[in-house]
Every structure is written in structure tokens, then in C-alpha cells.
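Okay, thanks for making time, everyone. I'd like to walk you through one structure today, starting with its pockets and ending out in a loop. Let me put it up on the screen.

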Amino acid sequence: MDWILASASPRRKELFGEVIGTAFAVIPARGEEDAGAFTTPGELVERLARQKAEEVASLPEAKGKAVLGADTVVALNGKIFGKPADEDEAFRMLKALSGNTHEVYTGVCICYPLEKGGCEKVVFSVCTKVKFFPLTNEEILAYIATGSPLDKAGAYGIQDGGLVEKIEGSFSNVVGLPVEECKKVVAKLFKSM
């Protein structure tokens with residue numbers, strides 16, 4: 001099976017390589033994300049992952065290929081943190097996360113072609129609990145100055161170090177793709193085909 005990753009994230013690209021273990025194409029979804037109404041963060045990321053995967057799967061160059069789309073958000077006390085718009089928003093997010101436990105949700109959608117035409121979809125999400133160390137304003141500002149927080153949900157990358165005291169669940173999920181769960185789903189899907 002030929003694969004396409006519907007994401008421009010270098011972290012997600014690296015993790016996806018671990019999932020399928022073969023070469024794949026990268027075609028980022030370009031459409032406007034529509035969060036719509038949702039009741040849980042898991043529902044939100046599943047919807048956004050589905051939008052990305054469906055958009056790329058509909059392209060002519062995706063015909064006959066499996067497409068994986070994913071989306072990650074951070075949730076703290078019911079509030080959703082996506083990617084910060086600027087350094088000020090990154091500071092507010094990191095200040096809110098400091099010393100607290102939050103959840104990271106990644107939604108995944110796999111669109112795969114059927115022999116009779118069309119495609120089938122599998123959609124799921126994974127949640128990981130993350131506890132931050134208490135951070136001083138100076139530590140937050142120094143981290144923001146690295147530029148790393150600006151392209152990440154919740155304004156941080158767990159791989160950057162120094163922020164996270166402990167996690168419960170999948171580490172790779174916090175980076176942007178739950179490798180363990182994706183491997184299980186892909187193995188089950190393609191064993192049955």
C-alpha cells in the first residue's frame with residue numbers, strides 16, 4: 001500500500017515513518033479548518049483530522065493510496081489551546097499550563113481505498129495527561145525566545161525538555177502522532193485486506 005501523510009509537520013513526518021516503516025509522500029492539507037460545534041476535545045481533533053485526510057484523499061495524486069491526517073490540541077480545564085498566534089498568546093498559554101496537569105489530544109483519520117472504488121475511513125483519538133513543572137516568567141520568556149513554541153499546540157514541544165514533570169500515556173501522542181495506537185490500527189486494517 002502506498003501512503004500519503006496529510007501534514008507538513010516535521011515531527012509528525014518522523015513519527016509516521018515509525019508507523020509504516022516505508023517511504024511515503026507528504027501532501028499537506030491546505031483547506032480552512034472548520035472546528036464547528038464539538039462537545040469534547042477528542043471530538044474536535046477527530047473532526048479536524050478527518051477534514052485533512054478527506055481533502056488530500058480527494059486529490060488525483062492520492063487515487064489508490066492510503067492517506068493519514070492528524071490534528072493535536074492541548075486542553076486545560078475545558079479550554080482548548082491550539083497553536084499560538086504570537087509570542088503574547090504563547091506566554092499566556094505557558095503561564096496557564098505552568099504547574100498544572102493538562103491533556104493532549106491527537107485525532108487521527110486514515111482514508112484507504114477500496115477495491116470496488118471509493119474509500120473507507122478509520123477515525124480515532126488518543127489522550128495523554130501531561131503535568132508541567134512550575135515555570136517562572138523568565139523561564140517562559142527564555143523558552144519563547146527559542147521560537148519553538150510558535151508552531152506547536154499549547155505553545156510547547158515535549159521534546160524540547162525542561163517543561164514537563166511527568167506524563168500518563170503516549171509520549172509520541174504529545175509530539176503529534178500516537179505511534180503505538182497507529183501501528184495497531186494499520187496492522188489490523190491491512191491484515192484484513
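Before the pockets, one definition: a pocket here is an open set of grid points where a 1.4 Å probe fits, with protein on both sides within 12 Å along at least five of seven lines. A pocket's volume is the space filled by probe spheres set on those points. And please keep in mind that this is a predicted model.

With that in hand, take the second largest pocket, where about 230 Å³ of space lies. It is lined by 13 residues, and those closest to its centre are A62, K63, G64, P113 and G118. Strand β5, residues 101–113, gives the largest share of that lining, with three residues. Sorted by class, you get eight nonpolar, three polar and two charged residues around the second largest pocket.

Now to the largest pocket, at about 540 Å³. There are 30 residues in its lining, and R12, K52, D71, K83 and D151 lie nearest the centre. Which elements each supply at least two residues of that lining? They are α1 (10–20), α2 (41–57), β3 (66–76) and α5 (171–175). The most comes from β3, which puts in four residues. As for chemistry, the lining of the largest pocket counts 14 nonpolar, eight polar and eight charged residues.

Two of those central names come back when we turn to charge pairs. Side chains of opposite charge can pair when their charged atoms come close. The structure holds seven salt bridges, and I'll go through a few.

First up is D71 with K52, where the closest N and O atoms are 2.8 Å apart. This pair links distant parts of the chain, since D71 is in strand β3 and K52 in helix α2, 19 residues apart. Are these two buried or exposed? D71 has a relative accessible area of 7%, so it counts as buried. K52 is at 14%, which also falls under the 20% cut-off, so K52 is buried too. Recall that D71 and K52 are both among the residues nearest the centre of the largest pocket.

Helix α2 shows up again in the next pair. K121 forms a salt bridge with E54, and here the closest N and O atoms are 3.5 Å apart. Again distant parts of the chain are linked: K121 is in strand β6, residues 119–132, while E54 is in helix α2, 67 residues apart. What about accessibility for this pair? K121 comes out at 34% relative accessibility, so it is partly exposed, and E54 at 33% is partly exposed as well.

The third pair is K184 with E181, at 4.0 Å from N to O. Why are they about one helical turn apart? Because they are three residues apart in helix α6, residues 179–191. K184 is exposed, with a relative accessible area of 55%, whereas E181 at 29% counts as partly exposed. There is also a network, in which salt bridges that share partners join R11, D151 and K152. You met D151 earlier, as one of the residues nearest the centre of the largest pocket.

Okay, on to the nonpolar side. The largest nonpolar core has 42 residues, and L68, I110, F132, Y156 and L177 touch the most other members. I110 is a nice one to click on. Leaving aside neighbours within four places in sequence, I110 is in contact with W3, V67, L68, E120, K121, V122, V185, V186 and L189. So what else is there? A second, separate core of 10 residues includes I4, A62, C109 and C111. A62 is also one of the residues closest to the centre of the second largest pocket.

Last, two loop residues to compare. S98 sits in the loop between α3 (87–97) and β5. Is S98 buried or exposed? S98 is buried, at 16% relative accessible area. Beyond its neighbours within four places in sequence, S98 is in contact with F132, F133, P134 and L135, and F132 is one of the residues touching the most other members of the largest nonpolar core.

A23, in the loop between α1 and β2 (25–26), is exposed, with a relative accessible area of 73%. If you want a ruler on the screen, A23 and E89 are 37 Å apart, C-alpha to C-alpha, and 66 residues apart in sequence.

Methods: Residues are numbered from 1 along each chain as its sequence is written. This is a predicted model: local features need pLDDT of at least 70, side-chain atom pairs count only at pLDDT 80 or more; totals for chains, interfaces and linings use all residues. Side-chain values use heavy atoms; hydrogens and water are left out. On a 1 Å grid over the protein atoms alone, a cavity is a set of points where a 1.4 Å probe fits but cannot get out, and a pocket is an open set with protein on both sides within 12 Å along at least five of seven lines; lining residues have an atom within 4 Å of a point. Ala, Val, Leu, Ile, Met, Phe, Trp, Tyr, Cys and Pro count as nonpolar, Asp, Glu, Lys and Arg as charged, and the others, Gly among them, as polar. A nonpolar core is a set of buried Ala, Val, Leu, Ile, Met, Phe, Trp, Tyr and Cys residues joined through side-chain atoms within 4.5 Å. Buried means under 20% relative accessible area, exposed over 50%, partly exposed in between (1.4 Å probe, protein chains only). Contact means heavy atoms within 4.5 Å. A salt bridge is a side-chain nitrogen of Lys or Arg within 4 Å of a carboxyl oxygen of Asp or Glu.
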